[in-house]
Amino acid sequence: MPGRREFLNTLMRGGILAALGLLSGAVIFRSRDGKSCSYGFDCSGCSRSKSCMLPAALEARQTVWQLDMTKCIQCGRCATNCVMSPSAVKCTHAFAMCGYCDLCGGYFKPGTKILTTAAENQLCPTNALKRKFIEDPFFEYTIDEELCIGCGKCVKGCGAFGNGSLQLQVRHDRCKNCNECSIARNCPSQAFTRVPANKPSLMRGLGKERPGTAAKKGGVDA
Amino acid sequence: MYIVRCTSFFLLFLLLPLVTLPIQRFPKPEFETNYTQPSTQIPVPRAELLAYLDVLVLLVALALVSWLVLKKRSRLWVFAMSVFSLAYFGFYREGCVCSIGSIQNVSLALFDHSFVLPLTVLLFFLLPLVFTLFFGRTFCAAVCPFGAIQDLVAFKPQSLGSRLNTVLGIIPYLYLGLAVLFAATGTDFIICRYDPFVGIFRFNASFGMFLFTGILLLSGVFIARPYCRFLCPYGVLLNWTSRFSRRHLTITPKECIQCRLCENSCPYDAIDFPVTDKSPESRPLMVKKMMMLTVLVPFLVLIFGYTGSRMQDTLAGVDYRVKLAKEVMALSKMQDAKAGSREPGAGSRKQVQDDSFEIKAYKASGKTESQVYSEASAVLKKFYLGGWLFGGFTGLVIAMLIAGRMLPVYRKDYVTNKGRCFSCARCTDYCPIKS
Amino acid sequence: MKQKIFIIAGLLLLIAVIGIMFTDLFSGKKQEQTNPYDYKMGEIRKTDSNQTAYTELLTIKPALVEIHAIVNGDGDRIYVAGKNGLEIYKGDGKPDGNFSFEGVASCMAIDKRGKIFIGIQDHVEVFDQIGKPAGKWKSVSPESILTSIAVSNSCVYVADAGKKIVYRYDLNGRLINRIGEKDPQKNVPGFIIPSPYFDLALGKKGELWIANTGRHSLEQFSDEGVLNSAWGEASMAIDGFCGCCNPSHFAFLHDGSFVTSEKGIERVKIYSPKGEFTCIVAPPSAFTEGTRGLDLAVDSKDRIIVLDPERKQVRIFVKK
């Protein structure tokens, strides 16, 4: 009796091992559709041929969450739905896009007449956006990330009246990289995606594109 | 090779924030003072190398705990290891990705080829299973931080009795089924969504989540390790692999002397008592039982499978694409009603929320109504099949449990239940026989 | 007994946990639909309807893929230019010809003889009335982004948002001089153009006005580049220019009043020749939120022609 039981056990063990092996094989050597792969994300920019058969999971990058501002509709859930409080989503400034405006749509409350840094003039609920005089008529705006709660109020103001240089981004020094991002689950526009950890930013205005060429198309300046 | 390449690359950037070069803006500012435009700082995520370090720690911890359980048979050392795991996988790693959650990543990767499954995540899924297959659930004993934290609060563990254990034991199967279903359809990662302990590890949780954790921990005072026993979906997989494990923790290192000292030592009801009442059931009765089972199993599978498929709408209702389609449909119906009847009073119908963020986002996305509907119906189709599979699986589980209770048992000694035992090694301390 | 209570308590708590999970997952509860940090655009987009003195008379829907520039030509013919082509309409909205060309027209002007000057990205191309090319001027710089053209009897003024400067050409495309370069000695503050909207127009007496959008002002220059006068105030209120950089476009009525358009808060307004706010032509509610580039033209009957690139319409407003 014990011998038979032992044999059955061994058999089952082998079976489970084989099943795990099959499962791993299926996820490691899975097929690719030519559009995306485990390098990920996009085969179009890849130097490998489309028929590349490198095991997918073996070469796969770690992924992190990031938000695509082009899809964002500014619902404010980034501020309220992160498992961290304050949120790991922060306003981030693409200085290269900023107009250094005196009347900054992201800094001042609508209707502000006298442009001073007085607290009652500031749009930011936590005074996280800082304004510094550079030279007439330019002002530099920076974000104090300790104070920023990622509500996106300034982002909306900057987008409506300015160049859209203020953008919401997941800051990966704060993000816990949850297996399932709580903001992503609640984002109404599915603006959150997993991106490769070595390219963690989806900011606009930092890359090679020249914003001016999109003139009048409501593109980058929108 | 690739891994080596990319990790060395990341070593270089380990602590340096990535600095992007400023580009020509529109239109370039002409500062006359010597102002230099700051560059936008983009913090680097946790280095990939560290993810491999986590796997290494997991591997070493599993090996060490297995050795402590099987060779050293020391509850104290196992406890020490569980504190370490709580500190490392819990408070340092802060939860993600864990073996329990990795079930979903693997499921989604099987069905969605664009989903990226890094090797580390796969290893987090595989390693505990493989170890369990050889040494029992040593992962649960002292590697999983969830178990460790629940072990700390089990002040007044009560025995629930075998019937209650069996009934409540169905829940993890349902949880596993739902988790795989929702992950495979790309709907949601519900294990992560209802992860009760990650908030503690991060010292940060919403009030609702905090309450949820509190209730679970409080129940854990009386029912030891309630998550592990009656919720954990990974526990189902471990339970079944552990049943066929090559070696397993034994209460006694030698022969059992029936001293009954260990009888109350297990807080998890995972010690099977001797069943010496040797009344071998009559052959005809056995045949009858077997025949009943051969009818019962397919019957239950079909009944539950059918019920599952009927629950298609409820299940799919969790999916965001289906939710959106419902909202869009309600909105267009409302608009039709408005356009159709111009008489006053027609507008008094309760307003559908046409300015919800979801609707706003849908309008901004430029998707057409039919696109939204076709996406949703594709999801619904998946849930039809998924409902059958989930229901069938549930039926099978219940049938198996019934069968388990129907079959005759003979046991001479006090032994650990290989499926349920967490290999925590508490019982070894109670056994008077020391190797 | 005590044991039983413990078990029941533990079980109840466990069931509560499972119940919470179950209801949360399947109840389909509505998510929070208010944004506690909402930037309330609604308030600042509201206007006093008594101030709106114009009403929309006519809407023309050009067939071009994108429309960017509008001019009122001889005989009140409306010229609309955009991506790869130009369309002409009569004053009553009936089509009256079209031709195509390569590129995205961003601005346009027509001289007395009917020559059409079109700014395409960084250079000017000249066409006759039937679309025959009559010249392609050299680009000043590859960074140039031409945003406005005006023609007088003797010269062509071209606004370059990329280089933040206005060029004065003769009618044959020879560069005569630059206008508006920063020169503290001549009291010229220089143009601040934070976004690619930089308009210019010729006033009642043919004098050159340029929108210095970053300073929220309209500035009058002589042909030699002397700054004669300027007006304009930055404000979200109805009498000022809102946002970082406005007005994005402007034109003149026959009495010398200014018609201005803004982005951010989309609105078209009229200012007296002295720069005092007079009335609203089209309030923000008349436009889709986020509309940018409302180019303007005025016809002989002082009808105000607004190009709405977002809705791809030419909208004609008349006094109520």
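**View 1. Four strands of chain C make an open antiparallel sheet in the order S16-S17-S18-S19.** Welcome to a predicted model, in which local features need pLDDT of at least 70, side-chain atom pairs count only at pLDDT 80 or more, and totals for chains, interfaces and linings use all residues. Residues are numbered from 1 along each chain as its sequence is written, while chains are lettered from A and ligands numbered from 1 in the order in which they are written. Strands (E, at least two residues) and helices (H or I, at least four) are DSSP runs, numbered from the N terminus, and two strands pair if DSSP finds at least two bridges between them. At the edges of this sheet stand S16 (249-252) and S19 (277-282) of chain C, each pairing on one side only. Neighbouring strands are turned by 25 degrees against each other on average, direction ignored; the axes behind such angles are lines fitted to C-alpha atoms (for helices, over the stretch in contact), and angles run from 0 to 180 degrees between N-to-C directions.

**View 2. Here we look at the antiparallel pair S17 (residues 258-262) and S18 (residues 267-271) of chain C, joined by five bridges.** To find one of these pairings, start at Val259(C), whose bridge partner in S18(C) is Ile270(C).

**View 3. Six strands of chain C form another open sheet, ordered S2-S3-S4-S5-S6-S7 with antiparallel pairing.** S2 (67-72) and S7 (133-136) of chain C each have a single partner strand, so one side of each is left without a neighbour in the sheet. From one strand to the next, the twist averages 35 degrees.

**View 4. Zooming in on the edge, S2(C) and S3 (residues 78-89) of chain C run antiparallel and share five bridges.** Ile70(C) stands opposite Val80(C) in S3(C), and Asn72(C) has Ile78(C) as its bridge partner in S3(C). The hairpin of these two strands has five residues between them, and Gly75(C) takes a positive phi near 70 degrees there. S2(C) itself is mostly covered, with six of its six residues buried; a residue is buried if 20 or more other C-beta atoms, placed from the backbone, lie within 10 Å of its own, exposed if 12 or fewer, and partly exposed in between.

**View 5. Chain A is built from five helices and six strands.** Following the chain from the N terminus, you will meet its elements as α-α-β-α-β-β-β-α-β-α-β. Chain A has 222 residues, of which 50% count as buried. Among its contacts with a separation of 6 or more, 70% come from residues 24 or more positions apart; two residues are in contact if their C-beta atoms, placed from the backbone, lie within 7 Å.

**View 6. Where chain A meets chain B, the contact takes 62 residues from chain A and 59 residues from chain B.** On the side of chain A, H1 (2-28), H2 (56-59), S1 (63-67), S2 (89-93) and S3 (129-135) each supply at least two residues. H1(A) gives the most, with ten residues. By class, this side of chain A has 29 nonpolar, 17 polar and 16 charged residues, where Ala, Val, Leu, Ile, Met, Phe, Trp, Tyr, Cys and Pro count as nonpolar, Asp, Glu, Lys and Arg as charged, and the others, Gly among them, as polar.

**View 7. At the contact of chains B and C, 23 residues of chain B touch 21 residues of chain C.** H12 (207-222) and H13 (226-230) of chain B each bring at least two residues to the chain B side. The largest share, six residues, comes from H12(B). This side of chain B divides into 16 nonpolar, six polar and one charged residue.
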